[in-house]
Amino acid sequence: MDCPECRAEYRDGFTECSDCRVPLVAKLPAEPASEPSPDPLLDLEPYSGPPTPDAEFVTVFSTGDPIVFALAKGSLEDAAIPIGLPERRPGVPA
Ligand SMILES: [Zn+2]
């Protein structure tokens with residue numbers, strides 16, 4: 001049991017704060033919502049600048065799973081990141 005005024009904790013059996021004379025509550029109201037630390041990744045603005053034809057593609061992800069690939073591709077496309085696919089290398093099965 002807790003006092004909603006002074007937030008003192010009381011053992012079970014107490015019903016009133018001896019200091020504040022207010023009924024105890026089983027659960028204190030939630031603390032004022034502290035700012036949730038924002039996920040920095042969610043704050044990223046999609047790249048909207050001009051395309052950079054000179055940019056080199058780098059491998060950021062590789063998978064053999066077409067479903068995972070589709071998800072990764074979608075994420076990149078959502079962020080307006082151009083995607084280049086590597087040439088199929090000989091000897092690598094399709
Ligand atoms: Zn109190």
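Is G84 buried or exposed? G84 counts as exposed, because just 10 C-beta neighbours sit inside 10 Å of this residue, and 12 or fewer is the cut-off for that label. Keep in mind as you read that this is a predicted model.

## The chain as a whole

Let's start with the big picture. The secondary structure of this chain comes to one helix and zero strands. The chain has 94 residues, and 2% of them count as buried.

What about contacts along the chain? Take the contacts with a separation of 6 or more: residues 24 or more positions apart account for 25% of them.

## The helix

The helix, α1, covers residues 66–78. How far apart are the end C-alpha atoms of α1? They are 18 Å apart, and that agrees with the span you'd work out for 13 residues at 1.5 Å a residue, which should be 18 Å. If you try the sum yourself, remember to multiply 1.5 Å by one less than the number of residues.

How many of the 13 residues of α1 are buried? The count is zero, so α1 is hardly covered; a residue would need 20 or more other C-beta atoms within 10 Å to be called buried.

## Before the helix: P4 and its contacts

Now go to the segment before α1, where you'll find P4. P4 is partly exposed, because 15 other C-beta atoms lie within 10 Å of its own, a count in between the cut-offs for exposed and buried.

Which residues does P4 touch, once you leave aside its neighbours within four places in sequence? P4 is in contact with V22, V25, L28 and P29. Take P29 from that list: P4 and P29 are 25 residues apart in sequence, yet their C-alpha atoms are 7.5 Å apart in space.

S18 lies in the segment before α1 too. With 9 C-beta neighbours inside 10 Å, S18 counts as exposed. The C-alpha atoms of S18 and A8 are separated by 9.7 Å, and the two residues are 10 apart along the chain.

## Positive phi angles

Here's a bit of background for the next few residues. Most residues other than glycine have a negative phi.

With that in mind, look at R7, in the segment before α1. R7 isn't a glycine, but its phi is positive, near 65°. R7 also counts as exposed, because it has 11 C-beta neighbours inside 10 Å.

R21 is in the segment before α1 as well. Its phi is near 60°, again a positive value in a residue other than glycine. Is R21 buried or exposed? R21 is exposed, since 9 other C-beta atoms lie within 10 Å. Then move along to the spot just after α1, where A80 takes a positive phi of about 60°.

## After the helix: back to G84

Let's return to the residue we opened with. G84 is found in the segment after α1. How far apart are G84 and E56 in space, C-alpha to C-alpha? They are 9.4 Å apart, with their positions 28 residues apart in sequence counted as a separation.

Technical notes: Residues are numbered from 1 along each chain as its sequence is written. This is a predicted model: local features need pLDDT of at least 70, side-chain atom pairs count only at pLDDT 80 or more; totals for chains, interfaces and linings use all residues. Helices (H or I, at least four residues) and strands (E, at least two) are DSSP runs, numbered from the N terminus. Two residues are in contact if their C-beta atoms, placed from the backbone, lie within 7 Å.
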